[in-house]
Amino acid sequence: MTADHMVHMANQIALYFAAYPHEEAVAGVTDHIQKFWERRMRKQLLDYASHGGSGLHELVQEAIKRLN
């Protein structure tokens, strides 16, 4: 998948959880990525984040720290 598409998908998850209390939102994004993204998608997201993660929503960035 292209990086732009991956960022868009991750940010859509973050926007869904953005209305929740912060800790619950981060946990929700983390849980969704762990449960519903296949391993290669998670790896691509982690690789992208390790190279700066341009454009990723703050909640996604925090979730990535928990995925590592």
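Modeller: Quick definition before we dig in: a helix here is a DSSP run of H or I at least four residues long, numbered from the N terminus. And bear in mind that the model is predicted.

Biologist: Fine. In which helix does asparagine 11 lie?

Modeller: Go by the residue ranges. One helix covers residues 3-17, and asparagine 11 is part of that run. That makes its helix α1.

Biologist: Is asparagine 11 buried or exposed?

Modeller: The cut-off for buried is under 20% relative accessible area. Asparagine 11 comes in at 15%, so it counts as buried.

Biologist: Which backbone nitrogen does the side chain of asparagine 11 reach?

Modeller: Start from its contacts, skipping neighbours within four places in sequence: asparagine 11 touches Gly55, Leu56, His57 and Val60. For the side chain of asparagine 11, the backbone partner sits at 2.7 Å, and that nitrogen belongs to histidine 57.

Biologist: Leu56 is in that list too. Which elements give two or more residues to the largest nonpolar core, and which gives the largest share?

Modeller: That core has 19 residues, and Leu56 is among those touching the most other members, along with Val29, Ile33, Trp37, Leu45 and Val60. The elements that put in two or more residues are α1, α2 (22-36), α3 (39-50) and α4 (58-67). The largest share is six residues, and the element supplying them is α1.

Biologist: And leaving aside its neighbours within four places in sequence, which residues is leucine 56 in contact with?

Modeller: Asn11 we've met already, and it shows up again from this side. The rest of the list for leucine 56 is Val7, Ala10, Leu45, Tyr48, Ala49, Gln61 and Ile64.

Biologist: On to the rings. What kind of pair do tyrosine 16 and phenylalanine 17 make?

Modeller: The structure holds three aromatic pairs. In this one, the ring centres of tyrosine 16 and phenylalanine 17 are 4.9 Å apart and the planes meet at 90 degrees. Planes over 60 degrees apart get their own label, so this pair is edge-to-face.

Biologist: Which residues do ring pairs link into a cluster?

Modeller: Tyrosine 16 counts as exposed at 55% relative accessibility, whereas phenylalanine 17 is buried at 14%. Tyrosine 16 also pairs with tyrosine 20, tilted, with 6.2 Å between centres and 40 degrees between planes. Tyrosine 20 is partly exposed at 32%. Put the ring pairs together and the cluster is Tyr16, Phe17 and Tyr20.

Methods. Residues numbered from 1 in each chain as written. Predicted model: local features only at pLDDT ≥ 70, side-chain atom pairs only at ≥ 80, totals over all residues. Heavy atoms only, no water. Phe/Tyr/Trp six-rings, centres within 6.5 Å; stacked < 30°, edge-to-face > 60°. Buried < 20%, exposed > 50% of the residue type's maximum accessible area, 1.4 Å probe, protein only. Polar contact = N/O pair within 3.5 Å; in protein donor to acceptor, adjacent residues only side chain to side chain. Contact = heavy atoms within 4.5 Å. Core = buried A, V, L, I, M, F, W, Y, C linked by side-chain atoms within 4.5 Å.
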